[in-house]
Amino acid sequence: MNFFRGVMGGQAAGPQPSGAETIQKLCDRVASSTLLEDRRDAVRALKSLSKKYRMEVGTQAMDHLINILQTDRSDSEILGYALDTLYNIICNDEEEEQDESEDAVTPLPVSGKHKNVSVPDENAQKQADDLGTQFTEKFIQDPEHVTLLLTLLEEFDFHVRWPGVKLLTALLKNQGAQVQGIVLVSPMGVSRLMDLLADSREVIRNDGLLLLQQLTKGNAAIQKIVAFENAFERLLDIITEEGSSDGGIVVEDCLLLLLNLLKNNSSNQNFFKEGSFIQRMKPWFEVGDDNSGWSAQKVTNLHLMLQLVRVMVSPVNSPGATASCQKSMYQCGLLQQLCTILMATGVPADILTETINTVSEVIRGSQVNQDYFASVNAPSNPPRPAIVVLLMSMVNERQPFVLRCAVLYCFQCFLYKNQKGQGEIVATLLPSTIDANSISAGQLLCGGLFSADSLSNWCAAVALAHALQDNLTQKEQLLRVQLATSLGKPPVSLLQQCTNILSQGSKVQTRVGLLMLLCTWISNCPIAVTHFLHNQENVPFLTAQISENLGEDERLVQGLCALLLGICIYYNDNSLENYTKEKLKQLIEKRIGKENFVEKLGFITKHELYSRAAQKPQPVFPSPEQMLFDHEFTKLVKELEGVITKAVHKSSEEEKKEEEVKKTLEQHDNIVTQYKELIREQDAQIQELKEQVASMSSQNEQTQATITQQLAQIQQHKDQYNILKLKLGKENQSQSNSQGDGSQVNGLQTEELTQLKEEMEELRKQHTLLQTLLGDKDALINTLRSEVAQTAGSSAGGSENAELLKELEALRSQVQSQSAEINQLKTERQELLRSSETGSSDVASTTDSSLDTAKMAELESRLTALTAETERLKGETKSLSESRADLEQQLASATSTAAILQTEKAKLQTEVQESKKEQDDLLMLLADQDQKIHSLKQRLKDLGETVEDEDDLDARDQTDDDDEEEEDEDED
């Protein structure tokens with residue numbers, strides 16, 4: 001113990017050992033001591049020396065410290081000392097380096113040499129970073145060391161868990177990718193780290209947040225695992241517990257971790273949306289009326305919260321995912337809350353700027369959100385639309401540059417794929433809608449377009465160009481706008497005023513903005529091209545600008561002038577005789593030169609700011625002077641540069657051939673359209689037939705249900721008849737055995753006759769019901785006959801006719817079964833008649849009553865009538881059978897006719913497809929042949945051969961024919 005006292009505190013007699021010697025002795029004691037207390041004291045001593053002698057402790061003691069972690073798991077105190085020592089030699093934090101820099105002038109003996117570490121702060125920090133990286137690489141050479149550290153994090157003891165968290169965080173900072181790979185393959189590695197968020201000790205929980213931040217940087221696989229470990233729920237709960245935007249640094253750490261998990265990770269974004277976590281973001285943005293005195297931490301928190309919203313609706317995400325998030329944000333009221341912040345007073349400038357950018361991306365491309373934003377009014381008197389208030393800030397040169405850029409981005413996002421909004425903006429410029437008592441968006445844009453501030457000119461020009469983007473109607477409407485220049489002078493059009501300012505030689509930024517507006521305006525709009533060329537000064541100005549040799553600053557203007565002139569050629573409808581396509585190309589060839597023109601056109605894409613603007617839609621510029629290109633305009637340049645180059649180099653003959661090809665293609669399109677209409681008509685007919693079959697099927701089902709019900713009734717009557725028959729047999733037997741009792745027999749026969757009368761009435765009702773049923777069948781057969789006739793007249797429906805035939809066969813079998821049942825009933829009726837006659841003779845022999853004789857006569861007459869009616873029904877059944885046979889024959893002929901028509905239709909369709917394919921092949925062959933002939937002619941011309949064109953050959957053939965005719969006339 002005296003040795004440790006010498007190291008840790010008291011002075012000892014004799015020469016003091018050097019730091020390296022002391023560390024070596026401590027390492028030997030750690031390795032060789034058998035008592036736990038001795039090893040613990042040695043490790044504690046190493047911890048106290050690890051900051052001052054970082055190099056020596058790291059090189060000599062690291063292996064011993066790792067061995068302590070593996071062997072002394074039962075003692076939490078020695079584990080804590082070992083983890084703290086490893087953290088001190090690996091960590092590169094500034095606060096740790098400050099402690100080390102205090103002793104920077106102390107000479108450290110290393111291998112017998114004195115090394116003075118008194119160096120400038122930057123070099124010392126760099127050396128410290130390199131040292132931490134080297135020790136980290138040494139520690140993770142064996143992945144089991146990281147796995148061991150993850151296992152130690154399961155210890156609940158504060159003195160083990162906290163330094164373990166700090167050590168793993170330091171390892172991730174120094175060698176993030178390698179440590180991430182080890183944690184990823186470690187069983188339950190990420191799950192163990194997620195448990196840190198549930199620790200009741202805030203120090204461990206907060207450092208666990210920092211650890212997860214480092215762990216999730218740039219690793220999508222770990223980000224997904226962390227997200228599915230319920231990270232979103234836990235982090236949002238922590239943010240709520242800490243006070244949301246009013247919380248401290250812990251809220252900031254949670255938001256940074258959320259950004260790591262969601263940024264550029266579509267899977268996590270979808271999980272966040274599907275988990276209804278977007279709705280939990282709304283309370284973050286609830287601000288009061290008094291917004292003065294925001295703390296710096298609140299500004300930071302709110303800034304990160306806005307960035308989190310933007311991550312979910314970023315333009316770089318997939319369109320479907322962005323649209324879904326935008327819809328959720330509108331439905332839960334998050335967009336409305338952001339607009340409230342936008343119109344609130346006292347909000348810090350940077351928060352207001354970020355809120356404008358956030359609202360921009362929430363409404364970008366979403367019609368519902370754009371319509372809502374158009375309806376938002378600022379709390380002013382009188383109320384003004386939020387768009388107007390924002391545009392007032394954009395064209396005000398006293399506003400901060402970043403705020404003006406944000407407003408421009410918001411206006412662009414409002415008009416993105418929003419033709420309704422574009423029309424509303426352009427309408428505020430038209431003469432019929434201008435209100436002199438209020439300021440409109442169009443008036444603000446015109447004011448900014450012609451103000452003295454070049455940045456206002458550029459922003460207004462780009463904003464107006466977005467109102468015309470991909471909208472031919474608004475391009476034509478904007479041609480109607482007239483501007484009053486001064487008293488006593490006639491008004492000029494907006495197009496003419498833009499060219500006038502352009503020709504006056506203003507600042508480069510102003511001219512670039514106006515040229516971008518003009519290019520967007522007249523592209524794909526032949527009417528606007530005609531208006532532009534109608535001014536006789538425009539084309540000479542453009543050619544003069546392009547042909548001059550100007551400095552570097554003017555090259556971009558020259559390129560844009562070349563683009564504008566190229567658009568005038570490509571979208572020219574040749575309505576102006578002096579400025580047709582051919583004459584403009586001749587003018588370029590004479591005044592500028594085709595190669596020079598193409599070179600000047602290429603100045604646009606070669607500009608250093610072009611590629612920066614093409615990367616993302618948001619206008620982000622370091623300074624106002626570099627604000628030259630718009631993102632949507634770069635798309636237009638990319639689209640038009642190639643076609644304009646081809647259009648300038650094309651000859652008139654090539655253009656004629658192209659026009660002919662276009663006409664041929666239009667003809668083919670017309671043919672295809674006709675066939676499409678024919679197919680639509682046939683589809684409609686097939687649909688009608690399907691509906692008819694469906695209705696007939698439903699009728700068939702109803703008929704089958706009725707037949708089933710009738711069969712049940714017939715079976716019931718059969719059962720009743722059999723019971724009566726048995727009763728009659730028993731009564732006849734009793735009559736033969738007891739003929740002596742005349743009065744009793746007479747009474748029984750009277751009762752039997754009454755029952756027979758009731759049975760006869762029931763049979764009559766059954767015959768009436770069967771007759772009604774046969775009438776219904778006859779009506780159904782007539783209906784089927786008419787439908788079969790309609791089906792036979794159509795061009796399709798063979799399968800439906802087959803189904804009808806099957807249904808008719810089923811009906812026929814049902815009618816036959818009912819006829820058999822009727823015959824059976826007739827037979828049974830005859831038997832009943834015979835039994836009744838026998839009964840009547842017995843009655844006549846046993847009684848002399850005239851009343852019974854009269855009743856029997858009446859019964860016989862009724863039986864005769866029923867017999868006649870049965871015969872009549874039999875005749876009707878026979879006639880129905882004959883008509884059914886005729887109907888079957890007609891149905892068979894209709895079915896064959898429909899099948900023939902269907903076959904002919906299929907053949908015609910096949911022939912149409914084949915002819916269309918042959919036409920396409922012929923066109924391709926003709927195009928290839930013309931190209932080959934043209935190339936061969938060109939080669940012959942290059943070789944010096946004289947090649948005559950087809951027009952010359954035709955003229956020669958015509959001349960030869962005329963000469964032959966004259967010779968024939970002379971001979972005659």
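**Notes on a predicted model, starting at S276**

1. S276 is partly exposed, since its relative accessible area is 38%, and a residue has to be under 20% to be called buried. Keep in mind from here on that we are looking at a predicted model. S276 sits in the loop that runs between α16 (266-274) and α17 (296-312). What is the sign of phi at S276? Phi is positive there, near 60°, and the residue is something other than glycine. Most residues other than glycine have a negative phi.

2. S244 makes a good companion to that one. This serine also has a positive phi, about 55°, although it is not a glycine. Its place is again a loop, the one between α14 (231-241) and α15 (249-262). Is S244 buried or exposed? With 15% relative accessibility, S244 counts as buried, whereas S276 is partly exposed.

3. Now a step back to the whole chain. The protein chain holds 42 helices and six strands. It has 972 residues, and 44% of them count as buried. As for contacts, take those with a separation of 6 or more: 73% of them are between residues 24 or more positions apart.

4. The inside of the model deserves a look too. In soluble globular proteins, nonpolar side chains tend to be buried together. Here, the largest nonpolar core counts 209 residues, and the ones with the most contacts inside it are L168, L193, F285, F373, W521 and L563. Which helix gives the most to this core? That is helix α23 (residues 401-415), with 12 residues.

5. L193 gives a close-up of that core. Leaving out residues up to four places away in sequence, L193 touches L150, L153, L168, V183, L211, L212 and L215. One of these partners, L168, is itself on the list of residues with the most contacts inside the core.

6. Next, a pair of helices. Two packed helices are described by the angle between their axes and the distance between the axes. For helix α26 (residues 454-468) and helix α29 (residues 508-522), the axes come within 8 Å and cross at roughly 10°. Angles under 35 degrees count as roughly parallel, and therefore α26 and α29 are roughly parallel to each other.

7. Who meets whom along that pair? On the α26 side the residues are S454, L455, N457, W458, A461, V462, L464, A465 and L468, and they meet Q509, T510, V512, G513, L514, M516, L517, T520 and W521 of α29. Sorted by class, this contact has 12 nonpolar residues, six polar ones and no charged ones. W521, from the α29 side, also turns up among the residues with the most contacts inside the largest nonpolar core.

8. One polar link in this pair is worth finding in the viewer. S454, in helix α26, makes a side-chain polar contact of 3.0 Å with the side chain of Q509, which lies in helix α29. Both ends are buried: S454 has a relative accessibility of 11%, and Q509 has a relative accessible area of 10%. Apart from neighbours within four places in sequence, S454 is in contact with K507, Q509 and T510. Counted in a similar way, Q509 touches S454, L455 and W458, and its list also includes P624, M627 and L628.

9. D75 is another residue to click on. It belongs to the loop between α4 (54-71) and α5 (76-90). D75 counts as buried, because its relative accessibility is 13%. Which residues does D75 contact, leaving aside neighbours within four places in sequence? They are L36 and R40. The side chains of D75 and R40 make a polar contact at 3.2 Å. As for L36, it is 39 residues away from D75 along the chain, and the two C-alpha atoms are separated by 8.6 Å.

10. Last stop, Q496. This residue is in helix α28 (residues 494-503). It counts as partly exposed, because its relative accessibility is 21% and buried would mean under 20%. Its side chain is joined to that of N500 by a polar contact of 2.8 Å. From C-alpha to C-alpha, Q496 and L479 are 9.6 Å apart in space, with their positions 17 residues apart in sequence.

Terms used. Residues numbered from 1 in each chain as written. Predicted model: local features only at pLDDT ≥ 70, side-chain atom pairs only at ≥ 80, totals over all residues. Heavy atoms only, no water. Axes fitted to C-alpha atoms, helices over the stretch in contact; angles between N-to-C directions. Helix = DSSP H or I, 4+ residues; strand = E, 2+ residues; numbered from the N terminus. Parallel < 35°, antiparallel > 145°, perpendicular 65-115°, else oblique. Contact = heavy atoms within 4.5 Å. Nonpolar A, V, L, I, M, F, W, Y, C, P; charged D, E, K, R; others polar. Buried < 20%, exposed > 50% of the residue type's maximum accessible area, 1.4 Å probe, protein only. Polar contact = N/O pair within 3.5 Å; in protein donor to acceptor, adjacent residues only side chain to side chain. Core = buried A, V, L, I, M, F, W, Y, C linked by side-chain atoms within 4.5 Å.
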